[in-house]
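Trainee: I have a new structure to learn. Can you take me through the reasoning behind its labels?
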Amino acid sequence: MNWDNREELVRRIESDLLDSLDEELELEIEDRTGVLGAVPGMAEGAPESHAQRVAYFKELFRLQGELVKLQDWVASTKQKAVILFEGRDAAGKGGVIKRITQRLNPRVCRVVALPAPNDRERTQWYFQRYAAHLPAAGEMVLFDRSWYNRAGVERVMGFCSDDEYEEFFRSVPEFERMLVRSGIRVIKYWFSITDEEQHLRFLGRIHDPLKQWKLSPMDLESRRRWEDYTRAKEVMLERTHIPEAPWWVVPADHKKQARLNCIRHLLTQFDYNEVPRPETSLPERVRHADYIRHPVPASMLVPQLY
């Protein structure tokens with residue numbers, strides 16, 4: 001690695017760490033209106049990078065507020081939605097899924113991230129294990145990778161035969177049309193990053209102990225086979241971009257911009273409205289004179305080290 005690349009890698013790791021710290025701060029903020037604009041030390045002429053982070057979180061909070069409204073509308077109107085997240089390794093799919101679900105009810109909006117099929121699942125109809133996770137009324141399901149594994153990793157790595165590959169392309173448009181006819185919205189996102197950006201993100205994962213778990217042998221092999229994955233992606237988009245369930249491509253070299261753009265676009269795919277909530281008041285606790293709260297045995301307590 002030359003010094004220019006090394007300095008860029010260090011800069012990227014520091015940036016990712018700052019992003020993580022920002023997120024931890026974000027989780028502690030209770031008042032989501034105006035607080036970020038008054039961060040201590042945010043003087044006139046503050047560094048642009050800090051101002052950009054402030055603007056990012058303000059917009060993220062706003063969009064997450066809209067996602068809560070969407071969730072309530074989906075639940076109250078008994079909608080069914082499937083959102084697929086596909087893309088290059090390290091393209092940021094997990095990051096946007098995390099921001100979408102961060103403040104939502106997991107009983108309404110849940111994530112499906114299936115492992116590699118086991119021996120039994122390999123003998124099933126290809127779509128069978130995915131169909132088991134489709135939504136019921138009032139649910140949104142986010143697939144972190146989906147049935148499009150066959151058009152991508154399975155094709156490139158030789159995990160499926162040519163006949164299975166072609167049968168997938170014959171079946172998937174009809175499968176998705178069946179879902180749509182049954183009342184399920186199908187929204188498909190492809191996260192696109194450049195060769196150079198993936199290279200930097202993989203190096204960042206190698207050198208960041210908190211992210212090394214994200215690197216699998218399959219991820220590393222995908223780096224070597226960049227061009228094979230490009231060809232597979234181009235065929236997939238061409239053969240499965242249908243009016244009932246079109247593909248939407250998210251430019252993702254800039255992670256935060258990609259998150260905001262994807263969430264905002266997702267919201268535009270639904271003609272939702274805010275569902276009125278009934279007024280809630282906290283009832284008085286019932287008290288009984290003979291009630292005694294017994295102490296917890298010391299042997300059961302978690303040590304209070306902090």
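Mentor: We will go through some labels and set values against cut-offs. Keep in mind that this is a predicted model.

Trainee: What makes up the secondary structure of the chain?

Mentor: The chain has 10 helices and five strands. Of its 306 residues, 40% are buried. Its accessible surface comes to about 19,000 Å². Carbon and sulfur atoms account for 54% of that surface.

Trainee: Why are K69 and E274 called a salt bridge?

Mentor: Their side chains meet at 3.9 Å, N to O. The cut-off is 4 Å, between a side-chain nitrogen of Lys or Arg and a carboxyl oxygen of Asp or Glu, so the pair counts. The structure holds 21 salt bridges.

Trainee: What does the pair of K69 and E274 tie together?

Mentor: Parts that are 205 residues apart in sequence. K69 lies in helix 2, residues 48-77, and E274 in the segment after helix 10. E66, K69 and E274 are also linked in a network of salt bridges.

Trainee: Why is E274 called exposed, and K69 partly exposed?

Mentor: E274 has 55% relative accessibility. Exposed means over 50%, so E274 counts as exposed. K69 has 26%. Buried means under 20%, and partly exposed lies in between, so K69 counts as partly exposed.

Trainee: Are the salt-bridge partners D119 and R122 buried or exposed, and what of R201 and E197?

Mentor: Both D119 and R122 are exposed. Their side chains meet at 2.7 Å, N to O. Both R201 and E197 are buried. The closest N and O atoms of R201 and E197 are 2.7 Å apart. R201 and E197 both lie in helix 7, four residues apart, about one turn of the helix.

Trainee: How do you know that E221 is buried?

Mentor: Its relative accessibility is 18%. The cut-off for buried is under 20%, so E221 counts as buried. E221 lies in helix 8, residues 217-224.

Trainee: What makes E221 and R224 a polar contact?

Mentor: Their side chains come to 2.5 Å. The cut-off is 3.5 Å for a pair of N or O atoms, so the distance passes.

Trainee: Why are F168 and F169 called an edge-to-face pair?

Mentor: A pair of aromatic rings is described by the distance of the centres and the angle of the planes. The structure holds 20 aromatic pairs. For F168 and F169, the values are 5.4 Å centre to centre and 65° between the planes. Centres must lie within 6.5 Å, and edge-to-face needs planes over 60 degrees apart, so both tests are met.

Trainee: How do you know that F168 and F169 are buried?

Mentor: F168 has 2% relative accessibility, and F169 has 5%. Buried means under 20%, so F168 and F169 both count as buried. Ring pairs also link them into a cluster, with W125, Y148 and W247 among the other members.

Trainee: Which residues touch the most other members of the largest nonpolar core?

Mentor: L70, F85, I100, Y189 and F191, out of 34 residues. Helix 2 gives the most to this core, with nine residues. A second, separate core of 27 residues includes Y126, F127, I184 and A245.

Trainee: What is Y189 in contact with, leaving aside its neighbours within four places in sequence?

Mentor: The list includes I83, F85, W247, C262 and L266.

How values were computed
Residues numbered from 1 in each chain as written. Predicted model: local features only at pLDDT ≥ 70, side-chain atom pairs only at ≥ 80, totals over all residues. Heavy atoms only, no water. Helix = DSSP H or I, 4+ residues; strand = E, 2+ residues; numbered from the N terminus. Buried < 20%, exposed > 50% of the residue type's maximum accessible area, 1.4 Å probe, protein only. Core = buried A, V, L, I, M, F, W, Y, C linked by side-chain atoms within 4.5 Å. Contact = heavy atoms within 4.5 Å. Areas by Shrake-Rupley, 256 points an atom, 1.4 Å probe, with all protein chains shown as cover. Polar contact = N/O pair within 3.5 Å; in protein donor to acceptor, adjacent residues only side chain to side chain. Phe/Tyr/Trp six-rings, centres within 6.5 Å; stacked < 30°, edge-to-face > 60°.
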